[in-house]
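I opened this notebook to record what I looked up in the structure. The entries run from the whole chain to single residues.

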Amino acid sequence: MAAYFVLMQQVDDIDRYRNEYVPGVGPLLNKHAGEVLVSGFEAEPAEGKPPNSTVVIRFPDAAAVWSFLNDPDYLPVRELRYSITSRGQAVVALELTPAG
């Protein structure tokens, strides 16, 4: 069953995010079979005051999400993301399976 890593965060340095973080995380997503479905700064707030960035990444299953998040090679990339973002919130969500 597919699983999703859903991240909302305030990107405080968009240039560094695009030029350093995105190229750094790409190979790791490929390594763990992650597919970016939603990514960007163009989301329109529907409720509350969400941060400026939303990312949704599909993985084959929850184990692949956690493998990506716990990959030692991701640690410096994640630290870079932490240094250029704030207000981060993330969840690992399982794919909805219809009843019946």
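**Entry 1: The chain as a whole**

I began with contacts in the protein chain between residues at least 6 apart in sequence, and found that 81% of them join residues at least 24 apart. I note here that the model is a predicted one.

I then looked up the secondary structure. The protein chain holds three helices and four strands, and along the sequence they follow the pattern β-α-β-β-α-α-β. The radius of gyration is 14 Å, close to the 13 Å that the globule rule gives for 100 residues, so the protein chain is as compact as a globular protein of that length. For the extent along the principal axes, I recorded a box of roughly 45 × 35 × 15 Å, filled by the C-alpha atoms.

**Entry 2: Surface and interior**

I next looked up how much of the chain is covered. Of the 100 residues in the protein chain, 34% are buried. The area that the protein chain exposes is about 6200 Å², and carbon and sulfur atoms supply 55% of that area.

**Entry 3: Aromatic rings**

I asked how many aromatic pairs there are. The count comes to five aromatic pairs. One that I examined is formed by Phe5 and Phe68, an edge-to-face pair with 6.5 Å centre to centre and 65° between the planes. This pair links distant parts of the chain: Phe5 belongs to strand E1 (residues 3-11) and Phe68 to helix H2 (residues 62-69), 63 residues apart.

Are Phe5 and Phe68 buried or exposed? Phe5 counts as buried because its relative accessibility is 6%, under the 20% limit. Phe68 is buried as well, because its relative accessible area is 1%. I also noted that Phe5 and Phe68 join Phe59 and Tyr74 in one aromatic cluster.

**Entry 4: Thr85**

I turned last to Thr85, which has its place in strand E4 (residues 85-94). Thr85 has a relative accessible area of 13% and is therefore buried.

Which residues does Thr85 touch, not counting those up to four places away in sequence? I recorded Gln9, Gln10, Val11, Asp12 and Tyr17. I also looked up the polar surroundings of the Thr85 side chain: one of its polar atoms lies 2.7 Å from the backbone oxygen of Arg81.

Methods:
Residues are numbered from 1 along each chain as its sequence is written. This is a predicted model: local features need pLDDT of at least 70, side-chain atom pairs count only at pLDDT 80 or more; totals for chains, interfaces and linings use all residues. Side-chain values use heavy atoms; hydrogens and water are left out. Helices (H or I, at least four residues) and strands (E, at least two) are DSSP runs, numbered from the N terminus. Buried means under 20% relative accessible area, exposed over 50%, partly exposed in between (1.4 Å probe, protein chains only). A polar contact is a pair of N or O atoms within 3.5 Å; within protein, one must be able to donate a hydrogen and the other to accept it, and residues adjacent in sequence count only if both atoms are side-chain atoms. Contact means heavy atoms within 4.5 Å. Rings of Phe, Tyr and Trp (its six-membered ring) pair if their centres lie within 6.5 Å; planes under 30 degrees apart count as stacked, over 60 as edge-to-face and the rest as tilted. The radius of gyration is taken over C-alpha atoms; the globule rule is 2.2 Å times the number of residues to the power 0.38. Accessible areas come from the Shrake-Rupley method with a 1.4 Å probe; for residues, only the protein chains shown count as cover.
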